[in-house]
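Here are a few notes to help you find your way around this structure. Please keep the 3D view open as you read, and take the points in order.

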Amino acid sequence: MSLETASWIMTGLGLYLGIGLLFGLPFVSFGASKIDPAAKDMPLQARLIILPGTMLLWPLMAIKWASQKEPPIS
């Protein structure tokens, strides 16, 4: 593998993780409780624990979050 190829791979990985971080911060703040109601009372430390996984799996989490239906207001 050439140095240029390795540079492109690292740049792509950095962009992917950067987008994951930008998605992950609002997700662990607001989105996790929409997907899992038990996450509503999750403390900050637990939210920070799920942040790295959210950064890696952000496309799947975005689809899951977007597909959630709002519960009817009673």
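1. Start at the surface. Met 1, Ile 9, Met 10 and Leu 13 together make a nonpolar patch of about 480 Å². Do bear in mind, here and below, that you are looking at a predicted model.

2. Stay with one member of that patch, Leu 13, for a moment. Leu 13 belongs to helix 1, which covers residues 3–35. Its relative accessibility is 43%, so Leu 13 counts as partly exposed; the band for that term lies between the 20% limit for buried and the 50% limit for exposed.

3. Now turn to the inside. Which residues form the largest nonpolar core? There are eight of them: Phe 23, Phe 27, Val 28, Ala 32, Ala 39, Leu 51, Met 55 and Trp 58. Two elements, helix 1 and helix 2 (44–56), each give two or more residues to this core. Helix 1 provides the largest share, with four residues.

4. Val 28 is a good core residue to click on. Setting aside neighbours within four places in sequence, Val 28 is in contact with Arg 47, Ile 50, Leu 51 and Thr 54. Of these partners, Leu 51 is itself listed in the core, while Arg 47 is found in helix 2.

5. Arg 47 deserves a closer look. Is this charged residue buried or exposed? Arg 47 is buried, yet it has no salt bridge. The nearest side chain of opposite charge is that of Asp 41, at 7.2 Å, whereas a salt bridge would call for a side-chain nitrogen within 4 Å of a carboxyl oxygen. Not counting residues up to four places away in sequence, Arg 47 touches Val 28, Ser 29, Ala 32, Ala 39, Lys 40 and Met 42. Among them, Val 28, Ala 32 and Ala 39 are members of the core described above.

6. From Arg 47, step across to Met 42, which sits in the loop between helix 1 and helix 2. Met 42 has a relative accessible area of 23% and is therefore partly exposed. Beyond its neighbours within four places in sequence, Met 42 is in contact with Arg 47 and Ile 50. Ten residues separate Met 42 from Ala 32 along the chain, and their C-alpha atoms are 9.4 Å apart.

7. Finish in the segment after helix 3 (58–66), where you will find Lys 69. With a relative accessible area of 73%, Lys 69 is exposed. For a sense of scale, compare Lys 69 with Gly 12: they are 57 residues apart in sequence, and 33 Å lies between their C-alpha atoms.

Definitions and conventions:
Residues numbered from 1 in each chain as written. Predicted model: local features only at pLDDT ≥ 70, side-chain atom pairs only at ≥ 80, totals over all residues. Heavy atoms only, no water. Patch = residues over 30% accessible without salt bridge, like charges linked within 9 Å, V, L, I, M, F, W, Y side chains within 5 Å. Areas by Shrake-Rupley, 256 points an atom, 1.4 Å probe, with all protein chains shown as cover. Buried < 20%, exposed > 50% of the residue type's maximum accessible area, 1.4 Å probe, protein only. Core = buried A, V, L, I, M, F, W, Y, C linked by side-chain atoms within 4.5 Å. Contact = heavy atoms within 4.5 Å. Lys, Arg positive; Asp, Glu negative; His and termini not counted.
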